[in-house]
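Work through the following exercises with the sequence and the model at hand. Each task is followed by a solution in steps.

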Amino acid sequence: MLFEDYVATRPRCHPKPLQSIVKKDFLSLSIEDQFSGLFHMMTRLVKPEHPEFAKTKNWMQQGWTIDMWMQLYWIPDDHLFVHTVLLCLDNTDRMQAVWRRVELHKDFLEKLLDVCENIPKYLPRMHQFFKTFMADSVDRFTLVEGILTDRERHFTILMSSPRFVSGFEFFLGIVNKIEWIKRELTQDMAVSLMNSVSHRLSDKRDRAKVFKIMSAIMQAQPRLQMPKETFLKITNALSMVESEYEIKMATCLVYFLCKQIQQLEGILESIYDKLLAQKHADFPTMIAIYVLVNEPKKIQQLMSQQMGFQVFLSSESFLVMQELFSKNFTLETMVESTQKLLQSDTQIETSGLSISLVYQLFVLDVFRKSHIKAIGYMNLVYNKTRQCHPQLTDLVQHFCNYSIEFPNEFISPDTIRKKLRTVDHSSVMYVYHTLAHRKTALQKKQPTYDTLLVQSFPVPKIMECAERVFGGPLYIQLAAMLVEELPEYFQPRTYLGLKSQQESEIHVYRHILRKANVDPLSEGHVMRVFQSNDLQTQLAVIQWHMGQKHEHMSLKTMIPIIPYLQTQVQREYRHLWMQMYSQMPRQVVLETIQAIYIGYPDKIIHAPQILFDAFVRFDTLDMFLIFLQILEFSSFSHDHEMKRSAFLSEKHQMTAVLEYDCSIVLLCLQKLKDPQLKKPIYLFVHSMFIQRQDLIKQVHAVGYDLHLVQEMVEHVPSLHVLISRIPDLLKESKCNAFHMHLACHLVKKYPLKKTHHIANEFIIPMYRHHFSQLPDWRDSLPALVVLSEAFEDLVPAIQKLLEYIHDQIQVKAVHDQLLTVMDKIIR
């Protein structure tokens, strides 16, 4: 039962006399008697003027056990709680003995601290209590240190303790709160703290932490003068650093202490020489370069980033460092040090500063000023970077701009081709560089890498490696540039229907090939197999290549056999062809054209009529699906070339692309006469239409075979976008037969309120107005039958239209046709 519960249930209680409460065996009383006595004491005896105040205070100090004190935790009133506790906590031997056990009750101390923070008048007494409490016990100091970890306003309690040497970890936890340190840390406290933490410099594990604490102290007290003994300990420790983090913290401390270290002749130069000679000297090297190029703000920004708090550097310290570097170092030596660092790294890590260092050399224009070639540095970066550093993409862009301005910094295409022989992290970097250079150079209309180099990239392997090794911004930007340069690799249809091989299946096919004495990588062997009638061996060759990862070898062997493929193996061959196409689409398409058509495949790839003539033998379903993939590649390739053309305006580019795609669609529609090819053609045309709605309008502005209209409307869903264009199409064509059939079939396919309005207000009136001006108007009459099937309420209006035509045209053959149409409508 809690104290507040007791008060709530017995608000009118009459506490027992004090004499019955003041007993040594207080806890032997019932819980109600304990609370009753506490309630009586707090409400009536805490006032100094009460006659029994002194007696009660003495009894609490001398007679209460620690468990009795813990009952105070449940006092609900903050004023009563803190006043009762602090009032009775005199520094007596008895109280010292009692409070030695309070470390077991952290919650009690935290409540005391919380209440005092809310009632500021008790803070001085509370501070005094904590000082007394932790005076002679390391354990109690540790307990208070833990309680005050997130309460820096009370940190002076710890600072005033003679045991503060044990507060090293605490100060390390709040070292980033530099503003508070500046406000609270006096010079005497700073000297004391520097002396105490300097003892930890001999411990290799704590050395970097000590450097960080000392840097924070020097930032708070920039004019601090340390005892000579402490100062010598620090300078000696600065010369012993090894790890990367130690070097960073040591460099920062050297900068803060440079004015004092300068007083010791030759020591500052010696310390910085040793820092620069370390394996992980990226940070001191970067600081040195910033000093040499007069960039104090960059130093301040870099040190703030490493220290974790805002650093403010004095101009005096910068002048001292300038004097040091002007005497002992040059910009050229620092750039050479950067190259040595890159060469010594087995790989460049995200957390390291090698990338940042080279990036800053470009930003500060150091390569231009020092006349040192940047290409060697970038080759090292490209070969050793295995993670996506935040500044990596920006660094590549800077180098691309620099190499465009200075052609002698241009990485040769042969170097890039060599890196692509085996795809790894360096291949990704060189591909990214090539694409970034092309993008920038083309915008500036400057020379760059040719298209053939880009088309030779093994895109799937590059993307897989980029995602696995780098990820992040580099992977995203690389993908965006590849989509722009090689869109054919990123079409979903490219990867549909790819078939994988099981190891057990591959073993069977190997056995068949060994039995037939056929080498599947020999062009001669494979050609002889496919010129024969041995279907089992032919199938084994195809399946064997599907299980391999050497697409370039399969390309040379398996493409030339296309003219000899028999129908029984064409389905499996199509899977193999799509597998090769997914890895290197351009090469596969060009080799396929070369196998079918004797000529220049890179020229006829953009000549649709020649393509259709050359592939006339692709009349089976599987081979025609290959042909459709070639047509899709042709469309994307032509679109890409037009957009890159420097001789055509944007308007002419769009017109050329539209006309080219329109010719592909119209040629495909001519193949609809073959029943087995209808479904893939419909899907192909639909995919072309959904990518470009203006292509739908262009194709239907030109028109195609009248007998195909109904099938197109039925099987190509994307044609529904033409509904809103019906009035314009009829007006532009003056209701010719093609557009009348298209309009009426669309109305029938989509019998909506909107199409009813179009039929009633546009189709019927416009045909009435224009029919006499059209030579093929009689071909449009069957379309009116279709229109009547869409909406029965339009039948009277259509009948009136036919009667009007009957009266206007006095020709018996016409009358007979009109009567036939009328009869169909009525039925």
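**Exercise 1. The surroundings of a core residue**

Task: Find which residues Tyr-573 touches, not counting residues up to four places away in sequence, and place Tyr-573 in the nonpolar core.

Solution. The model is a predicted one.
- Step 1. With that sequence filter, the residues touched by Tyr-573 are Ile-542, Met-558, Ile-559, Ile-561, Ile-562, Leu-565 and Ile-626.
- Step 2. Tyr-573, Trp-577 and Ile-763 are the residues with the most contacts inside the largest nonpolar core, which has 222 residues.
- Step 3. The helix that gives the most to this core is α17 (residues 244-261), with eleven residues.
- Step 4. As background, nonpolar side chains tend to be buried together in soluble globular proteins.

**Exercise 2. The chain as a whole**

Task: State how many helices and strands the protein chain has, what share of its residues counts as buried, and what share of the contacts between residues at least 6 apart joins residues at least 24 apart.

Solution.
- Step 1. The protein chain contains 50 helices and zero strands.
- Step 2. It has 827 residues, and 52% of them count as buried.
- Step 3. Taking contacts between residues at least 6 apart in sequence, 70% are between residues at least 24 apart.

**Exercise 3. Helix α28 against α31**

Task: Describe how α28 (residues 425-444) packs on α31 (residues 472-485).

Solution.
- Step 1. The two axes come within 10 Å and cross at roughly 55 degrees.
- Step 2. An angle of 35 to 65 degrees falls outside the parallel and perpendicular ranges and counts as oblique, so α28 is oblique to α31.
- Step 3. The crossing of α28 past α31 is left-handed.
- Step 4. On the α28 side the contact uses Val-428, Met-429, Val-431, Tyr-432, Leu-435, Ala-436, Arg-438 and Lys-439. On the α31 side it uses Leu-474, Gln-477, Leu-478, Met-481, Leu-482, Glu-484 and Glu-485.
- Step 5. Sorted by class, this contact has ten nonpolar, one polar and four charged residues.

**Exercise 4. Helix α28 against α30**

Task: Decide whether α28 and α30 (residues 459-469) are roughly parallel or roughly perpendicular, and list the residues in contact.

Solution.
- Step 1. The helices pack at about 110 degrees, and their axes are 9 Å apart.
- Step 2. The range for roughly perpendicular is 65 to 115 degrees, and α28 and α30 are therefore roughly perpendicular to each other.
- Step 3. From α28 the contact takes His-425, Ser-427, Val-428 and Val-431, and from α30 Ile-462, Cys-465, Ala-466 and Val-469.
- Step 4. By class there are six nonpolar, two polar and no charged residues.

**Exercise 5. Three loop residues**

Task: For Lys-445, Asn-517 and Thr-330, give the loop and the exposure.

Solution.
- Step 1. Lys-445 lies in the loop between α28 and α29 (451-455). Its phi is near 60 degrees, a positive value in a residue other than glycine. Exposed means over 50% relative accessible area, and Lys-445, with 77%, is exposed.
- Step 2. Asn-517 sits in the loop between α32 (503-515) and α33 (523-531). Although Asn-517 is not a glycine, its phi is positive, at about 55 degrees. Its relative accessibility of 63% makes Asn-517 exposed.
- Step 3. Thr-330 belongs to the loop between α21 (315-328) and α22 (331-344). A relative accessible area of 37% makes Thr-330 partly exposed. Its C-alpha atom is separated by 7.4 Å from that of Leu-292, 38 residues apart along the chain.

Conventions. Residues numbered from 1 in each chain as written. Predicted model: local features only at pLDDT ≥ 70, side-chain atom pairs only at ≥ 80, totals over all residues. Heavy atoms only, no water. Axes fitted to C-alpha atoms, helices over the stretch in contact; angles between N-to-C directions. Helix = DSSP H or I, 4+ residues; strand = E, 2+ residues; numbered from the N terminus. Parallel < 35°, antiparallel > 145°, perpendicular 65-115°, else oblique. Left-handed = near helix turned anticlockwise from the far one by under 90°. Contact = heavy atoms within 4.5 Å. Nonpolar A, V, L, I, M, F, W, Y, C, P; charged D, E, K, R; others polar. Core = buried A, V, L, I, M, F, W, Y, C linked by side-chain atoms within 4.5 Å. Buried < 20%, exposed > 50% of the residue type's maximum accessible area, 1.4 Å probe, protein only.
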